[in-house]
Amino acid sequence: MIDRDRISELNHSHEQALAEDVDYLAHRLEREAATSAAEVIDALVEFSVAAPSWAVGTGGTRFGRFPIGGEPRTTEEKVDDVACLNSLTASNRAISLHVPWDDPDDPAALKEYANSRGISFDAMNSNTFQDNPSTTDDGNLTYKFGSLANSEKAVREAAIEHNKAVIDLGVALGSRALTVWLADGINHPGQADHRTQFEHVTTGLQEIHDHLPDDWQMYTEHKPYEPAFYATVNFDWGSSLLLAEAAGPKASCLVDLGHHLPNANIEQIVSRLAMVGRLGGFHFNDSKYGDDDLTTGSIKPFQLFLIFCELIRAGNGSLPSLAYMIDQSHNIKDPLEDLIQSTEAVGIAYAQALLVDRSGLTEAQEGNDATRAQELLQSAFRTDVRPLLAEARRRAGGAISPVDAYRLVGYRAAVIEERGMASVATGL
Ligand SMILES: [Mn+2]
């Protein structure tokens, strides 16, 4: 964690300019927007997007990995990195674990460790896309041909047991949700039967759902392809919805922004899932071609804005309480800098969506005034709301300029000193 006094010292040189920017924007919004600057700042102070434990290390591609140094060696060190991130952004108050990449021996101690640093545990992620000796009977079973969809009953049972164990671990950590993303699928036409695979997954998810405590949620996360390149069992939002509905009342769909075929209208998918009460949460990232895991908002910021417009629509003017999480893999940048930028992008889209004149938009829609509707959306989207984000961070004890502050405090150099240049995060 970065000392609060050090952050306020770094904020000092930005404070005058920020106050002027916020003042200017407050006057403009009062004149032009449906929401005041004060309301947006309050909403941003409350907002938190979880950071994934696997994104604080350097990700790679199948062509290699270029470690940055000082990468977390343990789950505790991943928590330290997220605590550092949160001390700067004041909006990453939870970490999402991936099991067994993260498999603490003493969950109570880990919970205590994280909570003392202001970090709680977001949705747990079960991993059945690779063989893990602890969950595949020490190598006697393999997920090579799938987990919940596998043709062998013993493998399906091992995958179910693993998910139940992840729930139990999450309970000990204070988490409230399980996210199930499955690599299960088919690489070669004819290799397996589409319907049989889907029925196996449905049965497995029902069993896992029955293991959820009363106050838990389960999220089904779809993805069109990769690592299965011909057919994936849970390949689109329709399959995800069928699985969530079949699994039970605590199941809903998780939308990963990179898990759609090119040009899919993700905001419309969000609208549909929210309409039927099965929208569970998000994995934020951005992409140009496929599951590129690029910095959120770096490629399609307008899409991100339109998604938040649908969320505000679903919440009748405010953001619904869903699981909001970043899911990215960083190959070139310092992972923490990239998470700062992604967190900022999510906040910008949220703030801009709050500015939309919703009653004016409804009026334009009912009058079939497409021009007016576009004016209203563009007016919100073109507003530079960054001063409101900076002000929200400042009020919550974070940094006005978080990337600069991160560099000035020398966090990366300090963790390289402590953890070494060759440290590797578990799971990477
Ligand atoms: Mn994801």
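The following paragraphs describe a sheet, a helix that lies across two of its strands, and a pair of packed helices in a predicted model.

The sheet is open and comprises seven strands, which follow one another in the order β5-β7-β8-β10-β12-β13-β14 and pair in the parallel sense. Its edges are formed by β5, spanning residues 98–99, and by β14, spanning residues 323–326, each of which pairs on one side only. At the β14 edge, the partner strand is β13, which covers residues 279–284, and the parallel pairing of β13 with β14 extends over four bridges. Within this part of the sheet, Phe284 is placed opposite Ile326 of β14. Strand β13 is also involved in a helix-on-sheet arrangement, since helix α8, made up of residues 266–275, lies across both β13 and β12 (251–256), and the direction of α8 is at about 170° to that of β12.

A helix pair is formed by α3, comprising residues 75–89, and α4, comprising residues 107–115, whose axes are 10 Å apart and enclose an angle of about 20°. Because angles under 35 degrees count as roughly parallel, α3 and α4 are therefore described as roughly parallel to each other. The handedness of the crossing between α3 and α4 is right-handed. On the α3 side the contact is made by Thr75, Glu76 and Val79, whereas α4 contributes Leu110, Tyr113 and Ala114. In terms of residue character, the contact of α3 with α4 consists of four nonpolar residues, together with one polar and one charged residue.

Key:
Residues are numbered from 1 along each chain as its sequence is written. This is a predicted model: local features need pLDDT of at least 70, side-chain atom pairs count only at pLDDT 80 or more; totals for chains, interfaces and linings use all residues. Axes are lines fitted to C-alpha atoms, for helices over the stretch in contact, and angles run from 0 to 180 degrees between N-to-C directions. Angles under 35 degrees count as roughly parallel, over 145 as roughly antiparallel, 65 to 115 as roughly perpendicular and the rest as oblique. A crossing is left-handed if the near helix is turned anticlockwise from the far one by less than a right angle, and right-handed if clockwise. Two residues are in contact if their C-beta atoms, placed from the backbone, lie within 7 Å. Ala, Val, Leu, Ile, Met, Phe, Trp, Tyr, Cys and Pro count as nonpolar, Asp, Glu, Lys and Arg as charged, and the others, Gly among them, as polar. Two strands pair if DSSP finds at least two bridges between them.
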